[in-house]
Amino acid sequence: MSLEQYIEQTILPQYDAFDGGHRRDHALTVIDESLKLAREHGADERMAYVIAAYHDLGLRIDREKHHIYSGEILMADETLHRWFTEEQLATMRDAVEDHRASSKNPPRTIYGAIVAEADRQIDPLTVIRRTMAYSARLYPDGDFETLFQRTKAHLQEKYAEGGYLKLWLNSERNVRGLEELRAIIRDEERLRQIASQV
């Protein structure tokens with residue numbers, strides 16, 4: 001069995017049980033973007049591939065600390081020893097742990113920066129849709145205004161100027177998406193219209 005077969009048959013199916021914003025399509029998008037960034041920055045593509053595949057597996061244990069659990073899951077996977085050294089695996093664990101958008105520290109390696117950047121996926125409509133969906137899960141009985149206010153507050157805290165989200169590699173896709181999203185956040189009426197369509 002090749003590394004790719006192992007990931008496709010054993011790891012990626014685990015995403016099918018996660019919330020709508022973290023399903024297999026999300027993992028595949030992070031993998032594709034990670035591979036592109038690895039090529040651009042001269043990093044090992046196989047390591048970037050595995051890091052991206054494992055980056056959210058900890059969601060099956062806990063959302064708040066999923067990045068830590070994801071790193072533990074990667075390190076506990078004995079099958080990966082077929083393809084990687086202990087040192088490579090430790091670097092990969094660190095990268096998985098460093099992908100979290102709310103992390104106050106920069107990634108420890110280029111691999112952490114790659115997966116963090118790939119995970120951002122700053123498409124304004126997708127970000128707003130995912131935030132509204134998460135708000136609805138937190139407040140299942142909430143009316144539109146409750147969900148909208150929670151969504152607006154989260155977008156301000158994370159994505160607005162001065163928000164905690166950092167772009168470590170400033171990929172063109174994310175820079176452009178962040179600029180567009182910030183324009184929407186500044187225009188509450190436009191944000192409200194988009195949220196109501198969602």
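**Notebook: cores and helix packing**

Started with the core: the largest nonpolar one has 39 residues, and Ile7, Val50, Tyr54, Leu80 and Phe84 have the most contacts inside it. For my own record, a nonpolar core is a set of buried Ala, Val, Leu, Ile, Met, Phe, Trp, Tyr and Cys residues joined through side-chain atoms within 4.5 Å. Buried means under 20% relative accessible area, exposed over 50% and partly exposed in between, with a 1.4 Å probe and protein chains only.

I noted the ground rules next. This is a predicted model, where local features need pLDDT of at least 70 and side-chain atom pairs count only at pLDDT 80 or more, while totals for chains, interfaces and linings use all residues. Residues are numbered from 1 along each chain as its sequence is written, and side-chain values use heavy atoms, leaving out hydrogens and water.

Which helices feed this core? I found that H1 (3-11), H2, H3 (45-54), H4 (66-76), H5 (86-97) and H6 each supply at least two residues. H3 gives the most, with eight residues. Helices here are DSSP runs (H or I, at least four residues; strands are E, at least two), numbered from the N terminus.

I then looked up Val50. Leaving aside neighbours within four places in sequence, Val50 is in contact with Leu3, Ile7, Leu74, Leu80, Phe84 and Met92; contact means heavy atoms within 4.5 Å. Apart from this core lies another, of 19 residues, among them Ile122, Phe148, Tyr159 and Leu167.

**H1 and H3**

I checked the axes of H1 and H3: they come within 11 Å and cross at roughly 5°. Axes are lines fitted to C-alpha atoms, for helices over the stretch in contact, and angles run from 0 to 180 degrees between N-to-C directions. The pair is therefore roughly parallel; the classes are under 35 degrees for roughly parallel, over 145 for roughly antiparallel, 65 to 115 for roughly perpendicular, and oblique for the rest. Leu3, Glu4, Tyr6, Ile7, Glu8 and Ile11 of H1 make the contact with Arg46, Tyr49, Val50, Ala53 and Tyr54 of H3. By class I get eight nonpolar, no polar and three charged residues. Ala, Val, Leu, Ile, Met, Phe, Trp, Tyr, Cys and Pro count as nonpolar, Asp, Glu, Lys and Arg as charged, and the others, Gly among them, as polar.

**H2 and its partners**

I took H2 with H3 next: they pack at about 155°, axes 9 Å apart, which makes H2 roughly antiparallel to H3. Their crossing is right-handed, meaning the near helix is turned clockwise from the far one by less than a right angle (anticlockwise would be left-handed). Val30, Ile31, Ser34, Leu35, Ala38 and Arg39 in H2 meet Glu45, Ala48, Tyr49, Ala52 and Ala53 in H3. That contact has eight nonpolar, one polar and two charged residues.

How does H2 (24-41) pack on H6 (110-120), and at what angle? I read about 135°, with the axes 8 Å apart, so H2 is oblique to H6. This crossing is right-handed. On the H2 side I listed His26, Val30, Glu33, Ser34, Leu37, Ala38 and His41, meeting Ile110, Ile114, Val115, Glu117, Ala118 and Asp119 in H6. They divide into seven nonpolar, three polar and three charged.

**Last look: Glu97**

Is Glu97, in H5, buried or exposed? Glu97 is buried, with a relative accessible area of 17%. Not counting residues up to four places away in sequence, Glu97 touches His67, Ile68 and Arg108.
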